[in-house]
Amino acid sequence: MTATIGLGLAALGRPGYINLGHDEDLPPDRTIDDLRARTHELLELAWRSGVRYFDAARSYGLAELFLGEWLTPERREQLTIGSKWGYTYVADWRPDAETHEVKDHSLATFERQWPESLQALGGAPDFYLVHSLTSDSPALDDAKLLDRLRQLADDGVRVGLSTSGPHQAETLRRALALNGPFTAVQSTWNVLETSAGPALQEAHDAGWFVVVKEAVANGRLTAKAGETPFNQFARRHGVASDTLAIAAAVAQPWADVVLSGATTAAQLDSNLRAAELANESAPTHHPDGPLAQFIQPANDYWTHRSTLPWI
């Protein structure tokens, strides 16, 4: 069984983000009303295309609010919502802000942001994740925080974590070893950065819900990146590079959902074509086949990612 494709709102809910060409994909002024309209347009298109998983976060600007505004009771019954806490959006709607988000995985931040998520979404998300846990985060050793997250899990919300950085596997394995409260993970995995794969398989085997983010590597696996070896490979095989990249993630046996980060209708359409490609028997989208040539050392990948500008 292959993963389904969801829609992530990281690049839609705020005017600045690190995706290549982000500034070109959104309306020129990028006002709140502009992004509200674009987010609602993409949510509607995704919904009509059968997408039933939507992902947001407290730090994605107004993403939770835009999603909550679009929801109806009928839609809410049929879809799954994941959101995240632990980062605070501080850019004040300025794409050129010096700082866009501030990380704090403390219990105090959770207690502040959980009610904010409830209000913005109009109710509880199905999944609530600690946002971008890294190996140096104190959250996994914070007994009071973990007890509070267990209470949330007891109330019926799936508690999880998202991971980032070159040590994703280490962070995930630490969370797995806790034997609760976490039962879901969202990790970066793409044909350039596959290092978390074995740990994600372990999480899947333990019954966790596994979501893939950054399947197109913030645009580095799309036409926005120019004449890269990956894009040349995709063209030789007659497929759009973003479609191929997402298909590779969808084909992973441990993945439940792979997020599209589309900001335009054309991008969403191309991303969703990956579901058909992943179901084909051709080896082009399997990372242990021809795509293995594109794998980078994790440290190299994350070093490059850290240089991407907010635009």
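## A first look at the structure

Trp70 is buried, with a relative accessible area of 6%. Here, buried means under 20% relative accessible area, exposed means over 50%, and partly exposed lies in between, using a 1.4 Å probe and protein chains only. This is a predicted model, in which local features need pLDDT of at least 70 and side-chain atom pairs count only at pLDDT 80 or more, while totals for chains, interfaces and linings use all residues. Residues are numbered from 1 along each chain as its sequence is written, and side-chain values use heavy atoms, with hydrogens and water left out.

### Aromatic rings

Trp47 is buried too, at a relative accessible area of 14%. Rings come up often in this model: there are 14 aromatic pairs. In one of them, Trp47 and Trp70 meet edge-to-face, 6.0 Å centre to centre and with 75° between the planes. Trp47 belongs to helix 2 (residues 32–48) and Trp70 to helix 3 (residues 63–70), so this pair ties together parts that are 23 residues apart in sequence. Another edge-to-face pair joins Phe233 and Phe294, with 5.6 Å between centres and 75° between planes. Phe233 sits in helix 9 (residues 229–236), whereas Phe294 is in the loop between helix 12 (274–278) and helix 13 (298–305), so parts 61 residues apart in sequence are tied together. Both Phe233 and Phe294 are buried.

To read these terms, note that rings of Phe, Tyr and Trp (its six-membered ring) pair if their centres lie within 6.5 Å, with planes under 30 degrees apart called stacked, over 60 edge-to-face and the rest tilted. Helices (H or I, at least four residues) and strands (E, at least two) are DSSP runs numbered from the N terminus.

Rings can also gather in a group: Trp85, Phe110, Trp114 and Tyr128 form one aromatic cluster. Trp47 has a charged partner as well, since Arg52 lies over the face of its ring, at 3.6 Å from the ring centre. A charge sits over a ring if NZ of Lys or CZ of Arg is within 6 Å of the ring centre and within 35 degrees of the ring normal.

### Charged pairs

Side chains of opposite charge can pair when their charged atoms come close. This structure holds 21 salt bridges (a side-chain nitrogen of Lys or Arg within 4 Å of a carboxyl oxygen of Asp or Glu). One of them joins Lys84 and Asp55, whose closest N and O atoms are 2.9 Å apart. That pair links distant parts of the chain, with Lys84 in strand 3 (residues 80–85) and Asp55 in strand 2 (residues 53–55), 29 residues apart. Both Lys84 and Asp55 are buried.

Glu116 and Arg112 form a salt bridge at 3.9 Å, N to O. They are four residues apart in helix 5 (residues 107–121), so about one helical turn separates them. Glu116 and Arg112 also belong to a network of salt bridges that includes Arg58 and Glu64. Elsewhere, Asp269 forms a salt bridge with Arg273, with 2.9 Å between the closest N and O atoms.

How accessible are some of the charged residues? The table lists a few, including Glu24, which is found in helix 1 (residues 22–25).

| Residue | Relative accessible area | Class |
|---|---|---|
| Glu116 | 26% | partly exposed |
| Arg112 | 38% | partly exposed |
| Asp269 | 40% | partly exposed |
| Arg273 | 48% | partly exposed |
| Glu24 | 60% | exposed |

The C-alpha atoms of Glu24 and Phe127, 103 residues apart along the chain, are separated by 31 Å.

### Glu193 and its surroundings

Glu193 is found in the loop between strand 8 (184–188) and helix 8 (197–205). Which side chain of opposite charge is nearest to Glu193? It is Lys213, 8.8 Å away, and Glu193 is buried yet has no salt bridge. For such counts, Lys and Arg are positive, Asp and Glu are negative, and His and the chain ends are not counted.

The side chain of Glu193 does make polar contacts, with the side chain of Trp302 at 2.8 Å and with that of Gln168 at 3.5 Å. A polar contact is a pair of N or O atoms within 3.5 Å; within protein, one must be able to donate a hydrogen and the other to accept it, and residues adjacent in sequence count only if both atoms are side-chain atoms. Leaving aside neighbours within four places in sequence, Glu193 is in contact (heavy atoms within 4.5 Å) with Gly165, Gln168, Thr188, Ala298, Tyr301 and Trp302.

### Around helix 11

In helix 11 (residues 265–272), the buried residues are Leu268, Ser270, Asn271 and Leu272. What covers them includes strand 1 (4–8), helix 2, helix 10 (241–250), strand 10 (257–260) and helix 12.
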